[in-house]
Amino acid sequence: MSKTFDILKKTVIVQNQTGLHARPAAAFVQTAAKFDSEIILKKDKQEVNGKSIMGILTLAVAYGQQVTICARGIDAKAAIIELEKVLIEQEKPAAIKEKK
Amino acid sequence: MKIMDFLHHRAVTTDIKAKTKKEIIAELLDLLVNAGVIRNKDVLYKVLLEREALGSTGIGQGVAIPHAKSDGVKKLVAAFGISKEGVDFASLDGEPVYIFFLIAAPDDCAGPHLKALARISRILKDKCVRDLLRDAVDAKAILKIIKQEDLRN
């Protein structure tokens, strides 16, 4: 009965000026956790569980570096779309956060 | 980059007394003050709490990495502490935090900061290492574990 799914991949250039530090890593994991699919994040030859903050931090992804999101599962397509948004988001500097 | 490149050997404790986020950050900063590595505790305290307000640095699995960039430090420095009882740090997984790694970096320090986070995560990702650190009896034992792990990968 179980269906097998293909692995979907998408390569993205990280747009966050300070790289995938703790906050964007947390955002990535929180988004990944919404999906049933297995999520892997790759940089060069290193690959980590996309649902683990510590995993993502070990990649030390800097601004402008390329990573590949891999997703496998029933909602893999939607997961990749949402996760790509997290990676291409440009962080607002803390100092000019909305205070209104 | 090795952890012992930025973790000051005198800024390590296995006996965090504090019970709240604010007190813990202050207690870890005191370690750095006593080790003589930070100039202005107040500025760092404020920046660290501002960072926590953006989202907890409790990254799950009993680990928190409060961190901030500030000109209150000349180079990247870190303090390490264990809370034997665990503390509510508003962690992303909702679990108490036992292992604290506080990092302070100068303002223009995005690269090394990212590498330090990577290095710490690489070691703390391993449950065995987390358990060893939590069970360590004193700072000397913590340093021994960290030095061993530093050599390993």
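Here are a few worked exercises on a two-chain predicted model.

Before you start, note that residues count from 1 along each chain as its sequence is written, and chains are lettered from A and ligands numbered from 1 in the order in which they are written. In this predicted model, local features need pLDDT of at least 70, side-chain atom pairs count only at pLDDT 80 or more, and totals for chains, interfaces and linings use all residues, while side-chain values use heavy atoms and leave out hydrogens and water.

**Exercise 1. Strand S5 of chain B**

Work out which strands pair with S5(B), and in which sense.

Step 1. Let's find the strand: S5(B) covers residues 77-87. Strands here are DSSP runs (E, at least two residues) and helices are runs of H or I (at least four residues), numbered from the N terminus.

Step 2. Now look for partners; two strands pair if DSSP finds at least two bridges between them. Strand S1 (residues 7-13) of chain B pairs with S5(B) in the parallel sense over three bridges, and Thr13(B) stands opposite Gly81(B).

Step 3. Strand S6 (residues 97-105) of chain B also pairs with S5(B), in the antiparallel sense over seven bridges. Here Ala78(B) has Ile103(B) as its bridge partner, and Gly81(B) faces Phe100(B).

Step 4. Check the burial, where buried means under 20% relative accessible area, exposed over 50%, and partly exposed in between (1.4 Å probe, protein chains only). Nine of the 11 residues of S5(B) are buried, so the strand is largely enclosed by the rest of the structure.

**Exercise 2. More partners for S6**

Find how S3(B) and S4(B) are joined to S6(B).

Step 1. Strand S3 (residues 63-64) of chain B runs parallel to S6(B), with two bridges joining them. Ala64(B) sits opposite Phe100(B).

Step 2. S4(B) runs parallel to S6(B) too, this time with three bridges. His67(B) has Ile103(B) as its bridge partner.

Step 3. As for cover, nine of the nine residues of S6(B) are buried.

**Exercise 3. A loop residue**

Is Ser91(B) buried or exposed, and what does it touch?

Step 1. Place Ser91(B) first: this residue is in the loop between S5 and S6 of chain B.

Step 2. Its relative accessible area is 9%, so Ser91(B) is buried.

Step 3. Contact means heavy atoms within 4.5 Å. Leaving aside neighbours within four places in sequence, Ser91(B) is in contact with Ser56(B), Gly58(B), Ile59(B), Gly60(B) and Val97(B).

Step 4. Take Ile59(B) from that list: its C-alpha atom is 6.0 Å from that of Ser91(B), though the two are 32 residues apart along the chain.

**Exercise 4. Where the chains meet**

Describe the interface of chain B and chain A.

Step 1. Count the residues: 19 of chain B are in contact with 19 of chain A.

Step 2. Get the buried area, meaning the accessible area (1.4 Å probe) that two parts lose on being put together, summed over both. The two chains bury about 1500 Å² between them, 74% of it on carbon and sulfur atoms. Leu54(B), Ile59(B) and Leu114(B) supply 36% of the area that chain B buries against chain A, more than any other three residues.

Step 3. Look for salt bridges (a side-chain nitrogen of Lys or Arg within 4 Å of a carboxyl oxygen of Asp or Glu). The count between chain B and chain A is zero.

Step 4. See which element gives the most to the side of chain B that touches chain A: H4(B), with seven residues.
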